[in-house]
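Trainee: Could you take me through one part of this model in detail? I'd like a close look at one sheet, and then how it sits with the rest of the chain.

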Amino acid sequence: MKKLLTSILTAVLILGGVCVSTYALSEENVVEPRAQIFEEEITKAIPVKNASGKQIGTLNTKCTATLRYVNGKFTIDSYKLTATSKSIGTTRVSATVVSKSSSGLLISVTWKVKAQFATIPPQIVYTTSSVNYNFN
């Protein structure tokens, strides 16, 4: 009986050791890919127009994206859109985002441009402009 119990315990210990060894080996062989992070910036000018539709200048817009590179493939982690207000002569110009979408490395944005002319009474002209920021 004692010999049988010793044999069973030995078998359990051997099997347990094999299972632990196999688990330890499989954990060592797992290699996680290292991601590289990049920040890229694209600046594009959008037209500013007067009430008759004539272009009177441009306003710079900027898309700053955080790109992740893993296993030979880029993806966009996050992005930020900005348009700096400025004056064209006596006209104050600004822009806001109306809509935005992204697909792969392409970000599409529709900007609403506001041009406030220094007339009495002040005249405000709104136009929209679509811009694609391609990070390929």
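Mentor: Sure, let's start with the open sheet of 4 strands, which has the order 4-5-6-7 and antiparallel pairing. Strand 4 and strand 7 are the edge strands, each with a single partner, so one side of each has no neighbour in the sheet. On average, neighbouring strands here are turned by 30° against each other, direction ignored. That angle is taken between axes, meaning lines fitted to C-alpha atoms (for helices over the stretch in contact), with N-to-C directions and a range from 0 to 180 degrees.

A word on terms and ground rules. Strands (E, at least two residues) and helices (H or I, at least four) are DSSP runs numbered from the N terminus, and two strands pair if DSSP finds at least two bridges between them. This is a predicted model, where local features need pLDDT of at least 70 and side-chain atom pairs count only at pLDDT 80 or more, while totals for chains, interfaces and linings use all residues. Residues are numbered from 1 along each chain as its sequence is written, and side-chain values use heavy atoms, with hydrogens and water left out.

Now walk through the sheet. Strand 4 (residues 86-88) is joined to strand 5 by 3 bridges, running antiparallel, and K86 stands opposite V93 in strand 5. These two strands make a hairpin with 2 residues between them, and G89 in the turn has a positive phi of about 65°. Moving on, strand 5 and strand 6 run antiparallel and share 11 bridges; A95, for instance, has V113 in strand 6 as its bridge partner. Their hairpin also has 2 residues between the strands, and G104 takes a positive phi near 65° there.

Strand 6 is worth a stop at two residues. S108 sits in it and counts as partly exposed because its relative accessibility is 24%. The scale is this: buried means under 20% relative accessible area, exposed means over 50%, and partly exposed is in between (1.4 Å probe, protein chains only). Leaving out residues up to four places away in sequence, S108 touches S99, K100, S101, V131 and N132, where contact means heavy atoms within 4.5 Å. From S108 to S130 the C-alpha to C-alpha distance is 7.3 Å, with their positions 22 residues apart in sequence.

F117 is in strand 6 too, but this one counts as buried, at 13% relative accessibility. Beyond its neighbours within four places in sequence, F117 is in contact with K49, N50, I56, T91, P122, Q123 and V125. Its C-alpha is 9.2 Å from that of G89, and the two are 28 residues apart in sequence.

K49 belongs to strand 1 (36-49), which brings us to the other sheet. There, 3 strands form an open sheet in the order 1-2-3, again with antiparallel pairing. Strand 1 and strand 3 (73-83) are at its edges with a single partner strand each, so one side of each lacks a neighbour in the sheet. Neighbouring strands are turned by 25° against each other on average, direction ignored. Strand 1 pairs with strand 2 (residues 55-70) over 14 bridges in the antiparallel sense, and I46 has L59 in strand 2 as its bridge partner.

What do the two sheets share? The largest nonpolar core has 23 residues, and those with the most contacts inside it are I46, V48, I76, I107, W111, Y133 and F135. By nonpolar core I mean a set of buried Ala, Val, Leu, Ile, Met, Phe, Trp, Tyr and Cys residues joined through side-chain atoms within 4.5 Å. Strand 1, strand 2, strand 3, strand 5 (91-103), strand 6 (106-117) and strand 7 (123-134) each supply at least two residues of this core, and strand 6 gives the most, with 6 residues. F135 is a nice one to click on: apart from neighbours within four places in sequence, F135 is in contact with E40, E41, I42, C63, A65, L67, I76, L105 and I107.

Zooming out, the chain has 1 helix and 7 strands, in the pattern α-β-β-β-β-β-β-β along the sequence. Of its 136 residues, 23% count as buried. As for confidence, pLDDT (the predictor's confidence in each residue, from 0 to 100) averages 85 over the chain, and 76% of the residues score at least 70. Over residues 18-22 the pLDDT is below 50, and this stretch has 0 contacts in the model beyond near neighbours in sequence.
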